[in-house]
Amino acid sequence: MVHKEFGDIFKRFVQIPILKNTFAEHFYSAFQFLPGHVLERNSNHLVLRYKVPQTIMNMNGSVHGGALATILDCATTIAILRGDKNLSRTVSIELGLSFISPAKLNDSLLVHAVCQKVGKNVAYSVCDIYEEHSMKLVTTGRHIKAVLPGTFFDSDFKKIS
């Protein structure tokens with residue numbers, strides 16, 4: 001089951017208090033949800049836009065690989081949330097990326113994440129990150145996550161340490 005009104009869930013998710021002062025807070029809050037985008041082939045696909053700020057650049061003038069990994073991690077987490085009828089909490093088991101071409105300062109990135117499957121214990125997703133204007137592939141990867149008890153919206157949700 002995929003949530004029909006996912007835009008509301010997305011807005012709630014990126015504002016949950018547990019994300020405050022975390023490494024990923026910037027990425028979640030900077031994502032622009034693009035429902036109905038041409039890359040959104042069906043309801044288990046998610047398209048986000050992200051504008052590259054100076055703070056994630058490396059000394060070579062391109063986006064740092066760790067920042068691209070975080071973008072992919074955050075986007076696939078949201079895609080899994082979209083595909084999970086229970087809105088379960090998840091934690092990474094495996095994250096694999098290939099860096100294809102560099103992204104530059106102020107580039108507008110299109111992040112296309114797909115929830116492939118959410119099972120009882122494990123969720124699977126993939127993601128491609130493109131430079132929006134040229135549609136040149138920047139990064140591609142996969143993300144496997146363990147599905148935990150409870151939801152992201154539980155009032156007693158605590159950080160996993």
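This passage walks through the sheet, the helix packed on it, and a few individual residues.

The model is a predicted one. Its sheet is open and has six strands, laid out in the order 1-2-4-5-6-3 with antiparallel pairing. Strand 1 (32-33) and strand 3 (88-99) sit at the edges, each pairing on one side only. Helix 3, residues 65-83, packs on this sheet and touches strand 1, strand 2 (45-51), strand 3, strand 4 (108-118), strand 5 and strand 6. As for orientation, the direction of helix 3 makes about 45 degrees with that of strand 4.

Strand 6 (residues 136-151) has partners to describe on two sides. With strand 5 (residues 122-131), strand 6 pairs in the antiparallel sense over 10 bridges. Two residue pairs help pin down the register here: aspartate 128 has threonine 140 of strand 6 as its bridge partner, and serine 125 is bridged to histidine 143, also in strand 6. The two strands make a hairpin with four residues between them, and in the turn methionine 135 takes a positive phi of about 55 degrees. Strand 3 is likewise antiparallel to strand 6, and 10 bridges join that pair. Phenylalanine 99 stands opposite threonine 139 of strand 6.

Back to helix 3, where length is a simple thing to check. The 19 residues of helix 3 should span 27 Å at 1.5 Å a residue, and the end C-alpha atoms are indeed 27 Å apart, so expectation and model agree. The helix is also mostly covered, with 16 of its 19 residues buried.

Just ahead of the helix comes serine 62, found in the loop between strand 2 and helix 3. Is serine 62 buried or exposed? Serine 62 has a relative accessible area of 12%, and because the cut-off for buried is under 20%, it counts as buried. Setting aside neighbours within four places in sequence, serine 62 is in contact with Ile56, Met57, Pro102, Ala103 and Lys104.

Leucine 48, in strand 2, goes further still into cover: its relative accessible area is 0%, so it is buried. What does leucine 48 touch, not counting residues up to four places away in sequence? The list runs to Phe10, Phe31, Gln32, Phe33, Leu34, Ala75, Ile78, Leu109, Leu110 and Val111. One of these, phenylalanine 31, is 17 residues from leucine 48 in sequence, yet the two are 5.9 Å apart in space, C-alpha to C-alpha.

Then there are the cysteines. A search of the whole structure turns up zero disulfides. Cysteine 115 is in no disulfide, and the nearest cysteine sulfur, belonging to cysteine 127, is 12 Å away. With a cut-off of 2.5 Å between sulfur atoms, that pair does not qualify. Cysteine 115 is buried, at a relative accessible area of 5%. Cysteine 127 is in no disulfide either, and for this residue the nearest cysteine sulfur is that of cysteine 74, 10 Å away. Cysteine 127 counts as buried too, at 1% relative accessibility.

Finally, the record. An unreviewed UniProt entry carries the annotation "domain: Thioesterase" over residues 60-135. In the model, that stretch is 25% helix and 43% strand, and its end C-alpha atoms are 22 Å apart.

Terms used
Residues numbered from 1 in each chain as written. Predicted model: local features only at pLDDT ≥ 70, side-chain atom pairs only at ≥ 80, totals over all residues. Heavy atoms only, no water. Pairing = 2+ DSSP bridges. Contact = heavy atoms within 4.5 Å. Axes fitted to C-alpha atoms, helices over the stretch in contact; angles between N-to-C directions. UniProt positions renumbered as here; feature names shortened; annotations may be inferred. Buried < 20%, exposed > 50% of the residue type's maximum accessible area, 1.4 Å probe, protein only. Expected span 1.5 Å × (residues − 1).
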